[in-house]
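Here's a quick tour of a two-chain model, taking the sheet, the contact between chains and one helix in turn. Keep the structure open while you read.

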Amino acid sequence: MMREKRWFPILYMFLITAVFSTVVIGFTALTRDRVEANERLAFETAVLAVLPEMGGGLRSGSIHQRFVEQVSEPDGSSGGAYTLRKDGEIEAYALPFDGQGFWAPIRGVIGIAKDRKAVIGISFYEQAETPGLGAEIVKPAFCDQFKSKLLSQGDKPISIKRPGTELGESDVYAVTGATQTSVRLEAMVNDAVTTWQAKVGGEEGSG
Amino acid sequence: MSPATPTPRAKDIALQGLWRENPIFGQVLGICSTLAVTNLVLNTVVMCVGLVFTLSLSSATVSILRTLTPRNIRMMVETLIIAFYVIIVDVLLGAYWPAMRSNLGPYIGLIITNCIVMGRCEAYGNSNPPGRAFLDGFFMALGYSVILLIVATFREILGLGTFAGLAVPFFASPAWDKWIIMVTPPGAFFMLAIVVWVFRSIQQRKEEPAK
């Protein structure tokens, strides 16, 4: 009988894996459109959250509409950042950044005022850091620190420092116990900001 | 323990899962997820629905394939089946309730390693027909859910003054000094220990006269 053959378990495992994988792949394909729409919405929410007077109190249905109406896509003058404009003048920048976190990629948006110096806010739309440690970066306790910090007052655009040390104008405190997340986050934000600064040319007026 | 009957009725299977061999206070299985997701009632409900779905269907599937699966690779096959249902839950949440998916974070994926699921597939699904395996999985998961919801209800009310996000009279008012420790991991240990203690005491009192 076939079941007694030594290769039967291998064939069985192979077949059963193929069957279940096929169903999972089919299922994923069926829901792909919805998942992509959700990801898009998460990104738009993150962008609105770092622009002045945009994020608060929106129902999920109106986020997409608000985004389309108010936010301008990146163009040459914005250095790759999304912008909020009033009568054609840039009011604020929302600069996306991403990079490898401790476990999985971290993606977020940093809001910068029109003077290209003051930070308005930071928000994340994708991360899978350790719950209770690295994942605390999405909490207001961490994010709110960035409000009204000034870029590049020290040696880096933004420094994430060990809690308890003295803070300069460009510094925020890290989440205790999440050293890896903090180091990686600092690097990815600074990379994005440095590239953006080079494109838009420093502070307003000088570029 | 009652003597095993050749064909247990659905009522017996239900009683087994919900009370006599309740996974949490009877077998003390699946404690990691109990501790992790029970600080908010809503998260707990979703976690429980996910577990009921996964456990009943994987146990039934293991049972359907039980005569075909070679004994020496059955654990691998069981893990594959469990993972399959968990991924389905994860994909569904990602598509229709992304906020909940990010709330639960890695814990949905960790249903795969929930010892209750593997335990029931091994102990019951492997040696019983699909219908009964499904019922056993369903009621075991329900027994788990009831305890989780009790723990979650106390933790959320005492710690945050809310129930499933809705303010509870008195506990939400300034008169109640919120026990923040209840929503942190240590609170879960305290609550779980108390719940296991209470239920085991009741169970023992009921069983003693029978001895």
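## The sheet of chain A

Chain A has an open sheet of five strands, paired antiparallel in the order β1-β2-β3-β4-β5. At its edges stand β1 (71-72) and β5 (119-126) of chain A; each has a single partner strand, so one side of each is left without a neighbour in the sheet. Bear in mind that all of this comes from a predicted model.

Take a look at where β4(A) meets β5(A): the two run antiparallel and are joined by six bridges. In one pairing to look up, A:Arg107 has A:Glu126 of β5(A) as its bridge partner.

Two helices are worth tracing against this sheet. Helix α4 (residues 179-200) of chain A packs on the sheet and touches β3 and β4 of chain A, with its direction at about 135° to that of β3(A). As for α1(A), this helix lies across β1, β2 (82-86), β3 (89-100), β4 and β5 of chain A, and runs at about 165° to β5(A).

How confident is the predictor here? Chain A has a mean pLDDT of 86, and 92% of its residues reach 70 or more. The two extremes among the elements of chain A are these:

| Element of chain A | Residues | Mean pLDDT |
|---|---|---|
| helix α2 (lowest) | 60-70 | 81 |
| strand β4 (highest) | 105-113 | 93 |

## Where the chains meet

The contact takes 16 residues from chain A and 15 residues from chain B. On the chain B side, helix α4 (residues 74-96) of chain B gives the largest share, ten residues. Sorted by class, that side of chain B has twelve nonpolar and three polar residues, and no charged ones.

For a close-up, try A:Ile16, which sits in helix α1 (residues 8-50) of chain A. Which residues does A:Ile16 touch, leaving aside those up to four places away in sequence? They are B:Val77 and B:Leu80. A:Ile16 counts as partly exposed because it has 19 C-beta neighbours inside 10 Å, and 20 would make a residue buried. A:Arg40 is 24 residues from A:Ile16 in sequence, and their C-alpha atoms are 35 Å apart.

## Helix α8 of chain B

Helix α8 (residues 185-207) of chain B has 23 residues, which should span 33 Å at 1.5 Å a residue; the end C-alpha atoms are 33 Å apart, so the two agree. Its buried residues are B:Gly187, B:Ala188, B:Met191 and B:Leu192. Among what covers the buried residues of α8(B) are α2 (31-37) and α7 (130-160) of chain B.

How values were computed:
Residues numbered from 1 in each chain as written. Chains lettered and ligands numbered in written order. Predicted model: local features only at pLDDT ≥ 70, side-chain atom pairs only at ≥ 80, totals over all residues. Helix = DSSP H or I, 4+ residues; strand = E, 2+ residues; numbered from the N terminus. Expected span 1.5 Å × (residues − 1). Buried ≥ 20, exposed ≤ 12 C-beta atoms within 10 Å, placed from the backbone. Contact = placed C-beta atoms within 7 Å. Nonpolar A, V, L, I, M, F, W, Y, C, P; charged D, E, K, R; others polar. pLDDT = per-residue confidence, 0-100. Pairing = 2+ DSSP bridges. Axes fitted to C-alpha atoms, helices over the stretch in contact; angles between N-to-C directions.
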